[in-house]
Amino acid sequence: MKGTATMNRRQFLSAAAAGAATFVRPRPAAAVQAPRYDLMIRGGRVIDPSLRLDAIRDVAIIGGRIAVVEANLAGEAVDVIDARGKLVVPGLIDIHTHTGRSADGPGLVLRDGVTGWIDAGSQGADHIADVVAIARAAPQQARVLINIGRAGILPDGDTMNLARADVAAARAAIQSHRDFIAGVKVRLSREVAGANDYEVLRRSREVADGFGLPVMIHMGQTISPLPRLLDLLKRGDVVTHMFAPPPNSIVDDGGVILPAVLAARRRGVWFDVGNGQTGHMRWDTIGAIMKAGFWPDTFSTDWNTNSPTTGVIDLPNCMSKLFGYGMTVSEAVACATVNAARTFPVFNDRGTLNVGAPADVAVLELRQGRFEFLDNYKGTISGSQRLFPSATVLGGKQIRA
Ligand SMILES: [Zn+2]
């Protein structure tokens, strides 16, 4: 088909050239045919930090891929989304969720505009197959981080019993699900790992290195000082819950970012928000960190099925929480798209509306008004803007609820 089309085009061009030479015009019917797209998203404010684009544009999609991004695009489409007054951004990527805990999870977050997610340590070696099965069946791009604690998340602490940080079991689990396990998750807070934090991280490193995978650490309220833990991290690893209040936050009492934290970022360690519900973010700590200029690389929700009724609500809501600290809409979109796409290889070709990219798109509403945002300590701040999910396109198809 492709060869034939190329031939026809070449034949047409040579016919046109011959025609021009003899002052005979080519037949116009063959030359101009209105383009027909599968889907057009019309008239929205397209914000794509990967292209440094923030302007009113039409987005046209053919065959599940971005075909054209242009102003006042001519042509027709089988399906049209009227995005006037709305934001059109690359599909959102949430790198810290627990979407893999329930079969409903992937569909629920897809409606929030999330076209890619990572389940960050819901399960360890003993039950990793359950989470992998949900990621595998998910409509969007999804991968899993294996909890170094073989029994996964436990109310009395994943690795309070050090024997649960079982290197051999984790290795065997990764071996069995190499295609869907994208890294190792280790929760280090004192109520999760106790005094074992350093050793548990060391074992996570050992497991991850054997497969060339990154480690994601859950920081905050650790027994070991944060710099000692960061020592074990290298390029491509992720620190989640970067806004966690003391003890052992990334900022000291004087509002200065710890040198070890700056060094970690310099060597390529990512810093992620991980909104969550308890112990991970408090407005005063956020204020100090933002003021110091140490802004997140990525937003993430730490999503669970109860998130719609907690301070998380959805990823667009979490993305709105830093507007009051000076972050622009475009910067927030960058954190949830192009930046997030760099963290795990599964998202290599995502987080962009570049022509030819898979057509994953989030249409968001940026509402003006008075909105309350919640931290993890029942603290609220109010803001004048909030992002709401409006429509999701996955692989070129509009998701209908
Ligand atoms: Zn989590």
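A polar contact is a pair of N or O atoms within 3.5 Å; within protein, one must be able to donate a hydrogen and the other to accept it. I keep that cut-off in mind for the first entry. The model is predicted.

**Entry: Asp48**

I looked up Asp48 and found it in strand β1, residues 36-48. The side chain of Asp48 reaches the backbone nitrogen of Leu353 at 2.7 Å. That distance lies within the 3.5 Å limit, so I log a polar contact. A second polar contact, of 2.8 Å, joins the side chains of Asp48 and Ser50.

Which side chain of opposite charge is nearest to Asp48? I found Arg342, 9.5 Å away. Asp48 is buried and has no salt bridge. A salt bridge needs the nitrogen within 4 Å of the carboxyl oxygen, so Arg342 does not qualify.

I then listed the contacts of Asp48, leaving aside neighbours within four places in sequence. They are Leu53, Pro90, Gly351, Thr352, Leu353 and Asn354. Leu353 is thus on the contact list and also supplies the backbone nitrogen noted above.

**Entry: the zinc site**

Which residues coordinate the zinc ion? I found His96 through NE2, His98 through NE2 and Asp302 through OD. The distances run from 2.0 to 2.2 Å. Along the sequence, the donor residues are spaced H-x1-H-x203-D.

I placed two of the donors. His96 lies in strand β6, residues 92-97, and Asp302 lies in the loop between α10 and α11 (315-319). The pair therefore ties together parts that are 206 residues apart in sequence.

Are these two donors buried or exposed? His96 counts as buried, at 1% relative accessibility. Asp302 counts as buried too, at 10% relative accessibility. Water is not among the atoms, so I note that the site may look incomplete.

**Entry: salt bridges**

I counted 21 salt bridges. I went through three pairs and one network.

Asp58 forms a salt bridge with Arg42, with the closest N and O atoms 3.3 Å apart. The pair links distant parts of the chain: Asp58 sits in strand β2 (residues 53-62) and Arg42 in strand β1, 16 residues apart. Asp58 is buried, with a relative accessible area of 5%. Arg42 counts as partly exposed, at 25% relative accessibility.

Asp126 forms a salt bridge with Arg150, and here the closest N and O atoms are 2.8 Å apart. I found Asp126 in the loop between β7 (114-124) and α4 (128-137), and Arg150 in the loop between β8 (141-147) and α5 (167-176). The two are 24 residues apart. Asp126 is partly exposed, with a relative accessible area of 37%. Arg150 counts as partly exposed at 29% relative accessibility.

Lys234 and Asp209 meet in a salt bridge at 3.0 Å, N to O. Lys234 is in the loop between α8 (226-230) and β11 (238-240), and Asp209 is in helix α7 (residues 197-211), 25 residues apart. Lys234 is partly exposed, with a relative accessible area of 40%. Asp209 is partly exposed, with a relative accessible area of 37%.

The network came last. Salt bridges link Arg171, Glu199, Arg202, Arg203 and Glu206.

**Entry: helices α4 and α10**

Which residues of α4 are buried? I found Ile128, Val131, Val132, Ile134 and Ala135. They cover an arc of only 160 degrees around the axis, which puts them on the same side of α4. The cover over the buried residues of α4 includes α3 (105-111), β7, β8, α5 and β9 (181-187).

In α10, residues 283-291, the buried residues are Trp283, Thr285, Ile286, Ile289 and Met290. Seen down the axis of α10, they fall within an arc of 160 degrees, so they line one face of the helix. Their cover includes β13 (361-374) and β14 (380-394). Gly293 follows α10 and has a positive phi, near 85 degrees.

**Entry: Asp252**

I looked up Asp252 in the loop between β11 and α9 (259-266). Asp252 counts as partly exposed, at 33% relative accessibility. The side chain of Asp252 reaches the backbone nitrogen of Gly254 at 2.8 Å.

I also checked Asp252 against Ile289, which is 37 residues away along the chain. Their C-alpha atoms are separated by 9.5 Å. Ile289 is one of the buried residues of α10.

Conventions: Residues are numbered from 1 along each chain as its sequence is written. This is a predicted model: local features need pLDDT of at least 70, side-chain atom pairs count only at pLDDT 80 or more; totals for chains, interfaces and linings use all residues. Side-chain values use heavy atoms; hydrogens and water are left out. Helices (H or I, at least four residues) and strands (E, at least two) are DSSP runs, numbered from the N terminus. Buried means under 20% relative accessible area, exposed over 50%, partly exposed in between (1.4 Å probe, protein chains only). Lys and Arg count as positive and Asp and Glu as negative; His and the chain ends are not counted. Contact means heavy atoms within 4.5 Å. The arc is that of the directions from the helix axis to the C-beta atoms. Donors are N, O and S atoms within 2.8 Å of the metal (3.2 Å for Na, K and Ca); water is not among the atoms, so sites may look incomplete.
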